[in-house]
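Biologist: I am new to this structure, and I would like a careful, close look at one part of it before anything else. Into which classes do the residues lining the second largest cavity divide, and what can be said about the other spaces once that is clear?

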Amino acid sequence: MCGIVGYIGNKRAYPVLIKGLSRLEYRGYDSAGVALLADSEHLNIYKRKGKVQDLVDFIGENNTQGNIGIGHTRWATHGEPNDVNAHPHFSSDGNIALVHNGIIENYAILKKELINRGHIFKSETDTEVLIHLIEEIQHNTHTSLEEAVRLALNEVVGAYAIVILSKNEPDKLIAAKKSSPLVIGLGENEYYIASDATPIVEYTKNVVYLEDEQIAIINKDHGFRIINIANKEVNPYVQELEMQLEALEKGGYEHFMLKEIYEQPRAIHDSFRGRLNAKEGWVSLGGVKPYIKEIANADRIVIIACGTSWHAALVAEYYFEDLARIPVEVEYASEFRYRNPIIRKGDVVIAISQSGETADTLAALKMAKENGAFLFGIVNVVGSSISRITDSGSYTHAGPEIGVASTKAFTTQVTLLAMMAMMLGKERNTIAPKRFQKLLDEMEALPDKIETLLESNDYIETIAAQYKDATNALYLGRGTAFPIALEGALKLKEISYIHAEGYPAAEMKHGPIALIDENMPVFVIATEGENYEKVVSNIQEVKARKGKIIAIVTKGDTEVKAIADHTISIPSTDEVLVPILATIPFQLLSYHIAVMRGCNVDQPRNLAKSVTVE
Ligand code: G6P
C-alpha cells in the first residue's frame, strides 16, 4: 500500500506528481503530500491528511515551481493518518526529503540510536527514521546522497520502495526498492518514478522495473544508473508497457467499479482469447504447457491468496478436484506462511493475485520456493513481483482494475483457473471428452451471456433500493456457489459497510439461522444443477423464519420464483461456469446499495487495493 511518485526533467513536476498520485490513490488515501525542489535554495514540502484533492486544495496558490519532485499517497501503518505523519518526511536540517512505501521493521531500535545522537522526530512513522539515518550517515561520512542511501539501506530490516531528493544535490533523484514495487519510466531527458506503471504510461512506454535491493541514481542530464546495495553496477532491463491510457479513465461511467463490472464480457474474452478454441476442441495456456507433466503429476496443489483472490482459489479447489482429480489445499497466504507448513518437492503452489504485489502472498511464495515447490502465478498486473518470482504463470488480462473492490479481476481469475483445470483434466484423462467440449462451448459463450445478464442492471438497482438500509445480510451457496456467497458478502461489506456473512447453505442451521428475522436479507444462489433441491429447502427454512430471500436463479426457473421475495435470473450454463455469472448480480447489488448509502464506492474507508504490508 501507499503510492509513491517522482519526477525529474524539464517539465513542471507538480502537475505530473498530482496526476500520478491520483492514479495511485487506489493504494491508499489516508493522506497525500509532495516535495518540490524549486532550486538549490528552496525545497517546498506540502502534506495533508485526506485525499489528493484535499492536498491540492490545501496547496492552492502556494509555490509549486520546480522540475524535480516526489509525492506520496498513504495507507497508514505506523501512526494515525494526520498531517504530521503524512509523507514526504524530511531530515532535521530540512534539506533531504523522502517518500516511502513499506515498513521499516527495526525502526524502533534505529530511532532510539538516532535520538541519542540528537535527532528530533516529528512524526510517529517508521519512515522518518530512514531519512534521519541517511542524514546522519551523510553528516558523518560527507559522502554522496546515493552512497548514504546505500549505507542506510544496509542497516534497514523490512520492506521499502523509496524516492529521495536533496537540496544539496539538486540534480538527482535516488530511488530504491525491496519487496515493495517501483517502476522507472524513461523519457527524453526526463524520468518518472512510480509504484506502478499507471502514472507513467501517458508519458512513455519504456520502463525499468527495479529489482529488490537495487538503487537507481537518476540525473536528468546524465541519465540513470543502477547499483545494488552491495555497490555492484547492474545493467537495467528496459521493457515496453502494453497498457493503454484509456484503460485508466472512467470512460463515461460514474465510478471505476461500475465500469469494471461492465468490462467483464471484454475482460473474460481477453482472458481466453488465443487460449482456447471450441471449434477445434482445445485449450492451452502458454504458461502451463511446458510444465503440464509437472503440474498434472503434482502430489497436491496448494493455492495461496488473499481477499477476493482467495475466493477464486476456493472455486478452483472444486475445479482441480472435480475436473483433474488432483488434491488441492487452499490457504490464506498470511496463515500459510506463519504456521510451519509442510511443503515438499512435488508440490505445486499456485498464487492468485490481482496486483501481484500482496506482501503475504509474495512472502508465502518465497517460503514455498525455498522448500522446493514449483511456483505458478495467476496475476493481473503485468511485470508485478509475483509474476517475476514464480516459475511460470498466466496473466488474467483483465486490464487495469482501479476500483478497490475487485470485480473483473475475480471473474477473469476464475475463467483462467477453469481453463487450467480443463487442461489438467485432459492431460490426466479425468474429464470426459463430451464434458470437455461442452465446457469449451460454454466458455466461448460467456461474454455474450454476461452482456445479457448486465441488461438486468436497472432491475437489480430496484432491489438494491429495498435493502439499502439493512444492517446485516447473509449470503448462502453450495458447492462452487459457496465461494460466491463469500465474495458477495465481502463486496457488500467492503463498499457499503453493511455487516455481511457468507455461509455454505447447509451450515446455516448451525448458527446463522438464529439471526434470521423479517429484517434480514438473505442472498442465495439457487441455480440449476445438483444442489438445486437442497438449496430450495434452505430457502424454505429462511422463509419459515420470515427472512427476505433474494435468489440468483437460472433463467426459466419457477420453483424458487414462487417462494423468494426477489429473483435475479442468469443465463443457463455449465455448472462449472456458474460462479462467473452468479457473482455479477452480487457486484451490481453491492454497487447500487453503496451508491444509495452515499459511500465512496471506488475508495472505501480504511481499505487499499494493493496490500504491500503484512
Ligand atoms: C486487497 C484488495 C482486494 C484484494 C486483496 C488481495 O484487500 O482490496 O480487492 O482481493 O487485497 O489482493 P491481490 O492483489 O493479491 O489479489
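**The second largest cavity and the other spaces**

Modeller: The residues that line the second largest cavity divide into four nonpolar, eight polar and two charged. Please keep in mind throughout that this is a predicted model. The lining counts 14 residues, and those lying nearest the centre of the second largest cavity are Cys2, Trp75, Thr77, His87 and Gly102. The space inside the second largest cavity is about 80 Å³, and the element that gives the most to its lining is strand β6, residues 96-104, with three residues.

One of the residues just named, His87, deserves a second glance for its backbone. The peptide bond that runs from histidine 87 to proline 88 is cis, with omega near 0°, and proline 88 itself belongs to the loop between β4 (68-74) and β5 (89-90). Histidine 87 is thus met twice, once among the residues nearest the centre of the second largest cavity and once at the start of a cis peptide bond.

To place this cavity among the others, it helps to know how such spaces are found. Rolling a probe the size of a water molecule over the atoms shows where empty space is left. In this structure there are four cavities of 30 Å³ or more, and the largest cavity holds about 130 Å³ of space. Its lining is made of 13 residues, with Arg478, Ala481, Thr527, Asn531 and Glu575 lying nearest the centre of the largest cavity. Two elements, β25 (521-526) and α17 (532-544), each give two or more residues to that lining, which by class holds six nonpolar, four polar and three charged residues.

Pockets are the next kind of space to consider. The largest pocket has a volume of about 760 Å³ and is lined by 36 residues, among which Met243, Asn380, Val381, Val382 and Pro400 lie nearest its centre. At least two residues of the lining of the largest pocket come from β15 (239-240), and at least two from α7 (264-272). Sorted by class, the lining of the largest pocket comprises 14 nonpolar, 12 polar and 10 charged residues.

The ligand, however, sits in the second largest pocket. Around the ligand there are 13 residues, of which Ser309, Ser353, Gln354, Ser355 and Thr358 come nearest, and this shell divides into four nonpolar, eight polar and one charged. Helix α9, residues 307-324, gives the most to the shell, with three residues. Several distances show how side chains meet the ligand: a polar side-chain atom of serine 309 lies 2.6 Å from an oxygen atom of the ligand, an N or O atom in the side chain of serine 353 is likewise 2.6 Å from a ligand oxygen atom, and for threonine 358 the distance from a side-chain N or O atom to an oxygen atom of the ligand is 2.4 Å. Taken alone, the ligand would expose 380 Å², and the protein buries 90% of that.

A last point about the backbone concerns asparagine 429, a residue other than glycine whose phi is positive, near 60°. Asparagine 429 is found in the loop between α13 (408-428) and α14 (433-454).

Definitions and conventions. Residues numbered from 1 in each chain as written. Predicted model: local features only at pLDDT ≥ 70, side-chain atom pairs only at ≥ 80, totals over all residues. Heavy atoms only, no water. Near = heavy atom within 4 Å. Polar contact = N/O pair within 3.5 Å; in protein donor to acceptor, adjacent residues only side chain to side chain. Areas by Shrake-Rupley, 256 points an atom, 1.4 Å probe, with all protein chains shown as cover. 1 Å grid on protein atoms, 1.4 Å probe; cavity = no way out; pocket = protein on both sides within 12 Å on 5 of 7 lines; lining within 4 Å. Sits in = over half its atoms within 2 Å of the grid points. Helix = DSSP H or I, 4+ residues; strand = E, 2+ residues; numbered from the N terminus. Nonpolar A, V, L, I, M, F, W, Y, C, P; charged D, E, K, R; others polar. Points joined across faces, edges and corners; volume = space filled by probe spheres on them.
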